[in-house]
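Student: Could we go through how the labels for a few residues are reached?
Tutor: Happily! Let's look at the structure together.

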Amino acid sequence: MFNFFRRKRKVTLVLGGGSARGVAHIGVLKVLEREKIPIDSIVGTSMGALIGAGYSTGVPVNTIEEIAYNFSASKLLDPTMPTMGLLAGDKLETVIKEFLKSPTFDGCKIPLSVVTTDIETAEQVVYQKGDIVKIIRASCSWPGIFNPVRLDGRLLVDGGIKNSVPIRIAKAQGADYIIAVDVGFCVRCGKIDNIFQMILQSFQITGEELNRYQSSEADAVIKVELGDIDQAAFSRARDAVAKGVEAAEVKIHQIKKDLGIR
């Protein structure tokens, strides 16, 4: 009876940000699916929100993997007059729309929460309904790089600037077993000579500190060691997925034991 009770625990998968490093989430999903780990809900921010939404809306993990292998950062480039961002973000929205199987949260087969940040009020804003494409675009919009998204009277940007690994949100929603995936940040010491590098490095420094503080609150933390794969290195997707698989396999015995799964 004890094992039966443990199998019924509500499992929430928390997927953090990380842009190209977040591709490692795919490797983690491959292992969890292979080992038949039940996922009752997903909470994601930034790239974690995008991959989590794809999986939640029914995109097979092998399809997500192939899309990642054929993706390049050039697909996001739509320079604009830099009033609030260097890139308009319209191409980002197109990529998201083509990736998902549903334009709204109603199409989610696994309950999904997407974390964004209201840049004007400094509040975290969590969405579970509405226009999933616009909301994920907001969650992926690095301030200064992409234009923010105006939605519901709020000016929304990347959820990772407040919640790089949004475990507390999962707890507030009643999760009693949390698997968190932390892909970390690639902080590099060296010469900075353009605005893109400046903004990217700022995110990396801040994100690394947030991750160190936030990720420890999960029941199982899958920490993916990605070395020098930085947030713009989409060309190294295969390496990132392989590292995700490797990190998940290290933790899978603990997860199955905690959940009473043989």
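Tutor: What follows is a short talk about two residues of one strand and about one helix, in a predicted model.

Student: Why is Arg-154 called partly exposed?
Tutor: Its relative accessibility is 24%. Buried means under 20% and exposed means over 50%, so Arg-154, at 24%, counts as partly exposed.

Student: What makes the pair Arg-154 and Asp-118 a polar contact?
Tutor: Their side chains come to 2.9 Å, and the cut-off for a pair of N or O atoms is within 3.5 Å. Arg-154 also touches Thr-121, Glu-123, Val-125 and Val-149. Glu-120 lies 34 residues away along the chain, with a C-alpha separation of 7.6 Å from Arg-154.

Student: Where is Arg-154 placed?
Tutor: Arg-154 sits in strand 8, which covers residues 154-158. Asp-158 belongs to strand 8 too.

Student: Why is Asp-158 said to have no salt bridge?
Tutor: A salt bridge needs a side-chain nitrogen of Lys or Arg within 4 Å of a carboxyl oxygen. For Asp-158, the nearest side chain of opposite charge is Arg-137, at 12 Å, so the buried Asp-158 has no salt bridge. Among the residues Asp-158 touches are Thr-45, Ser-46, Thr-117 and Trp-142.

Student: How do you know that helix 3 is largely enclosed by the rest of the structure?
Tutor: Helix 3 spans residues 47-56, and 10 of the 10 are buried, so it is largely enclosed. The buried residues include Met-47, Leu-50, Ile-51 and Tyr-55. After helix 3 comes Gly-58, with a positive phi near 105 degrees.

Conventions
Residues numbered from 1 in each chain as written. Predicted model: local features only at pLDDT ≥ 70, side-chain atom pairs only at ≥ 80, totals over all residues. Heavy atoms only, no water. Helix = DSSP H or I, 4+ residues; strand = E, 2+ residues; numbered from the N terminus. Buried < 20%, exposed > 50% of the residue type's maximum accessible area, 1.4 Å probe, protein only. Contact = heavy atoms within 4.5 Å. Polar contact = N/O pair within 3.5 Å; in protein donor to acceptor, adjacent residues only side chain to side chain. Lys, Arg positive; Asp, Glu negative; His and termini not counted. Lists of a residue's contacts leave out its neighbours within four places in sequence.
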